[in-house]
Amino acid sequence: MRNIEIIGTGSYTPKHMVTNEMLETIMDTSNEWIVSRTGIESRHISTGEETSDLATKAALEALKDGNLQAEEIDLVIVATCSPDSLVPSVACKVQKNIGAHNAMAFDINAACSGFVFGLDIARGFMASGRFKTALIIGAEVLSKIINWEDRSTSILFGDGAGAAVLKESTVDGLSYINCKSEGEKWEALTCGSVALENPFIMDTIPVNSKVTMEGKEIYKFAVKVMESEFNRILNEAKLNKEDIDFIVPHQANIRMIEAFSRKIGVSLEKFIINLNRFGNTSGASIPIALDEGNKSGAFKKGNKIVVIGFGGGLTFGSALITWNKDL
Ligand code: COA
């Protein structure tokens with residue numbers, strides 16, 4: 001396997017911030033309920049920008065941070081479950097917007113695990129030697145697929161994008177990746193169904209195109225896979241939990257993160273947590289959190305960072321990042 005590392009990160013969220021108090025005015029909920037059940041205080045919601053707009057802004061920031069020109073990018077992968085359209089991909093629009101003329105560009109959908117799946121795919125592509133650089137973006141405008149009539153799901157999500165630039169390296173900056181799917185549980189989280197409609201069907205069967213979710217199922221699944229993936233990485237990398245400097249989990253719910261932290265005996269201080277400000281941004285949540293860890297100066301050269309995503313599919317993915325960027 002060729003070594004690769006993250007050389008730059010970027011993120012972008014729409015300007016319009018929606019607080020829990022604002023949600024109280026449009027549905028039967030309360031700030032107290034939302035904060036105590038989820039830890040979420042506000043989220044950013046698009047008032048006009050599409051997924052590709054958010055992705056483009058995060059990508060440009062990541063390129064700047066990585067000191068790389070768009071023409072030098074060989075691969076653009078956008079992880080999203082809320083694309084602008086089925087065709088073209090968000091990745092192709094980003095390619096045009098940033099001028100990554102030499103890249104192969106496509107979208108993937110692994111819901112909230114999408115960014116980690118993107119890292120895994122890029123690592124595999126780069127192993128061939130044909131791709132020296134890659135831009136991996138998680139971008140979502142979930143507000144367009146949320147059922148705003150359903151208070152148990154609509155309070156959870158937000159819009160945003162995060163990006164990372166990968167490059168061939170002398171250090172092993174991305175390792176012990178594992179991405180898996182449990183498709184038998186797909187009904188636990190769905191959205192975006194498209195009705196089967198054509199001139200040869202007499203009665204079109206209506207579908208629910210908005211988010212549906214079995215919250216408790218997802219909760220149990222998430223805590224289980226976060227714990228098992230964290231322990232898998234420690235075992236395979238022959239590390240102790242004290243060797244891990246940061247954990248960047250998918251930002252879904254503070255109670256899940258607290259349960260995970262208790263199970264592995266690692267203090268919350270080692271976690272990057274921003275779900276209070278952004279809610280659950282699905283595929284964007286991990287790269288936005290990585291960008292915060294990078295730009296705040298929290299990540300230091302040599303740090304070991306575990307990222308773990310989980311979500312619809314059901315899917316999960318985790319990796320060990322060794323930070324090699326100078327401040
Ligand atoms: N405001 C006020 N009350 C609400 C509410 C809201 N926004 N949403 C639900 N409730 C009510 C329910 O109607 C229910 O009322 P009832 O007891 O009178 O029927 C009550 O609160 C409890 O609902 P319940 O579903 O048992 O709550 P919960 O403790 O399981 O928490 C979630 C619900 C969604 C916060 C929790 O299950 C969760 O976070 N699951 C994981 C979801 C997730 O993160 N998905 C994305 C993964 S990628």
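The questions and answers below look at how some terms apply to this predicted model.

In this predicted model, local features need pLDDT of at least 70 and side-chain atom pairs count only at pLDDT 80 or more, while totals for chains, interfaces and linings use all residues. Residues are numbered from 1 along each chain as its sequence is written, and side-chain values use heavy atoms, with hydrogens and water left out.

Q: Why is leucine 268 called partly exposed?
A: Buried means under 20% relative accessible area, exposed means over 50%, and partly exposed is in between (1.4 Å probe, protein chains only). Leucine 268 has a relative accessible area of 31%, so the term is partly exposed.

Q: Where is leucine 268, and what is it in contact with?
A: Leucine 268 sits in the loop between H8 and helix H9 (275–278); helices (H or I, at least four residues) and strands (E, at least two) are DSSP runs, numbered from the N terminus. Contact means heavy atoms within 4.5 Å. Leaving aside neighbours within four places in sequence, leucine 268 is in contact with Ile257, Glu258, Ser261 and Ile273. Its C-alpha is 8.2 Å from that of isoleucine 257, and the two are eleven residues apart in sequence.

Q: What makes phenylalanine 230 and phenylalanine 260 an edge-to-face pair?
A: Rings of Phe, Tyr and Trp (its six-membered ring) pair if their centres lie within 6.5 Å; planes under 30 degrees apart count as stacked, over 60 as edge-to-face and the rest as tilted. Here the centres are 6.1 Å apart and the planes stand at 80°, so both conditions are met. Phenylalanine 230 lies in helix H7 (residues 215–237) and phenylalanine 260 in helix H8 (residues 254–264), so the pair ties together parts that are 30 residues apart in sequence. Both phenylalanine 230 and phenylalanine 260 are buried.

Q: How do you know that phenylalanine 299 and tryptophan 323 are edge-to-face?
A: Their centres are 5.0 Å apart and their planes 65° apart, so the pair is edge-to-face. Phenylalanine 299 is in the loop between helix H10 (285–295) and E12, and tryptophan 323 in the segment after strand E13 (315–322), so the pair ties together parts 24 residues apart in sequence. Both residues are buried.

Q: Why do strands E11 and E12 count as paired?
A: Two strands pair if DSSP finds at least two bridges between them. Four bridges join E11 to strand E12 (residues 304–311), so they count as paired, and they run parallel. Valine 248 stands opposite valine 307 in E12. Both faces of E11 (residues 246–249) are covered, with Phe246 and Val248 buried on one side and Ile247 and Pro249 on the other.

Q: What makes E7 a partner of both E1 and E6?
A: Strand E1 (residues 4–12) pairs with E7 in the antiparallel sense over eight bridges, and strand E6 (residues 133–140) also pairs with E7 in the antiparallel sense over eight bridges. Glycine 10 has alanine 163 of E7 as its bridge partner, and threonine 133 has lysine 167. Of the nine residues in E7 (residues 160–168), seven are buried.

Q: What makes a set of residues a nonpolar core?
A: Such a core is a set of buried Ala, Val, Leu, Ile, Met, Phe, Trp, Tyr and Cys residues joined through side-chain atoms within 4.5 Å. The largest has 45 residues, of which Phe230, Ile244, Ile247, Phe260 and Phe310 touch the most other members. H7 gives the largest share of this core, ten residues.
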